[in-house]
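Hi,

Here is the structure I promised to pass on. Have a look at it first, and then read my notes below.

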Amino acid sequence: LGNKELLAPELIEKTISNLGEGIKTARRTLGKKLGATVEAMSQTSPVHIKVDDIGKSIGEKFAKRGYLVEGNPSGVISRELQPEIKQVLADFKNPTLSMNDAHNLKEQIGEMVTWERKGLLGISDKQEVVLKDAYDQLNSRLRKANPSYAFANDQFSATARAYDALSKDVL
């Protein structure tokens, strides 16, 4: 009997761990399916999204925060931006991007910043604020340009929030 009592907590812990992994897997799977839908939609859309003004704005914001940005004066003491952020700025120099390219740029920015998890690049809080603003502006323009994109975006966000809440409750 004593042995069974010792095994019960381990069994519960393993069950909770498996449930947590199942939730994470389901969320990733949903994200991939909705991502594929958005990707297909954006690849076939003739719409182009104006982005150069976003690039100019975030370039100025980075420069004001002491980062070296081509075409923007910075302070006496300035720091280099990571290559990935420089690439984002270069992409924003295009006057317009196709729906697909704009969506991919938004996703690239989303991977750089911390939402509920640790960002991939370990970027500073100052950089993150600027990138999140660019992400929001780009997302807003994508949503306005294509109502179906907005619907798919809303569905993913609502479902992801539900999975995240369930994950927090379970884990």
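**Starting with one helix**

Let's begin with helix α5: it has 21 residues, and at 1.5 Å a residue it should span 30 Å, which agrees with the 30 Å between its end C-alpha atoms. Bear in mind as you read that this is a predicted model.

**The whole chain**

Stepping back, the chain has six helices and two strands. If you follow the sequence from start to end, the pattern reads α-β-α-α-β-α-α-α. Of the 171 residues in the chain, 32% are buried. I also looked at how far along the sequence the contacts reach. Taking the contacts between residues at least 6 apart in sequence, 66% join residues at least 24 apart.

**The core, and what α5 gives to it**

Which residues have the most contacts inside the largest nonpolar core? They are F62, F92, I109, L131 and L138, in a core of 30 residues. Helices α1 (2-44), α2 (52-64), α3, α4 (99-112), α5 and α6 (147-170) each supply at least two of the core residues. The largest share comes from α5, which gives six residues. As a bit of background, nonpolar side chains tend to be buried together in soluble globular proteins.

Now go back to α5 and look for its buried residues: they are Q127, E128, V130, L131, A134, Y135, L138, N139 and L142. A rule worth keeping in mind while you look at that list is that an α-helix has 3.6 residues a turn, so residues three or four places apart point the same way. For contrast, try K132, which also lies in helix α5. K132 has a relative accessible area of 24%, and since buried means under 20%, it counts as partly exposed. The C-alpha atoms of K132 and M112 are separated by 9.3 Å, with the two residues 20 apart along the chain.

**Where α3 meets α5**

Next, find helix α3 (residues 83-92) and helix α5 (residues 125-145). Their axes come within 12 Å and cross at roughly 35°, and the crossing is left-handed. On the α3 side the contact is made by I85, V88 and F92, and on the α5 side by Q127, L131, A134 and L138. Sorted by type, these residues are six nonpolar, one polar and no charged.

L138 deserves a second look, as one of the residues with the most contacts inside the core. Leaving aside neighbours within four places in sequence, L138 is in contact with I49, V51, I54, F92, A102, L105 and K106.

**A buried lysine**

That last partner, K106, sits in helix α4. Is K106 buried or exposed? At 2% relative accessibility, K106 counts as buried. Not counting residues up to four places away in sequence, K106 touches Y135, L138, N139, L142, Y149 and N153. Among these, Y135, L138, N139 and L142 are also in the list of buried residues of α5.

**Three more places to click on**

- G55 is found in helix α2 and is buried, with a relative accessible area of 11%. Apart from neighbours within four places in sequence, G55 is in contact with L89 and F92. G55 and A134 are 79 residues apart in sequence, and their C-alpha atoms are 8.0 Å apart in space.
- V47 is in the loop between α1 and β1 (48-50). With 25% relative accessibility, V47 counts as partly exposed. Setting aside residues up to four places away in sequence, V47 touches L97, S98, M99 and A145. V47 and A145 are 98 residues apart in sequence, yet 7.0 Å apart in space, C-alpha to C-alpha.
- S148 has its place in helix α6 and is partly exposed, with a relative accessible area of 42%. The C-alpha atoms of S148 and V38 are separated by 8.6 Å, although the two residues are 110 apart along the chain.

If you want a place to start in the viewer, pick L138: you can go from there to F92, and also to K106.

Cheers

Technical notes:
Residues numbered from 1 in each chain as written. Predicted model: local features only at pLDDT ≥ 70, side-chain atom pairs only at ≥ 80, totals over all residues. Heavy atoms only, no water. Axes fitted to C-alpha atoms, helices over the stretch in contact; angles between N-to-C directions. Helix = DSSP H or I, 4+ residues; strand = E, 2+ residues; numbered from the N terminus. Left-handed = near helix turned anticlockwise from the far one by under 90°. Contact = heavy atoms within 4.5 Å. Nonpolar A, V, L, I, M, F, W, Y, C, P; charged D, E, K, R; others polar. Expected span 1.5 Å × (residues − 1). Buried < 20%, exposed > 50% of the residue type's maximum accessible area, 1.4 Å probe, protein only. Core = buried A, V, L, I, M, F, W, Y, C linked by side-chain atoms within 4.5 Å.
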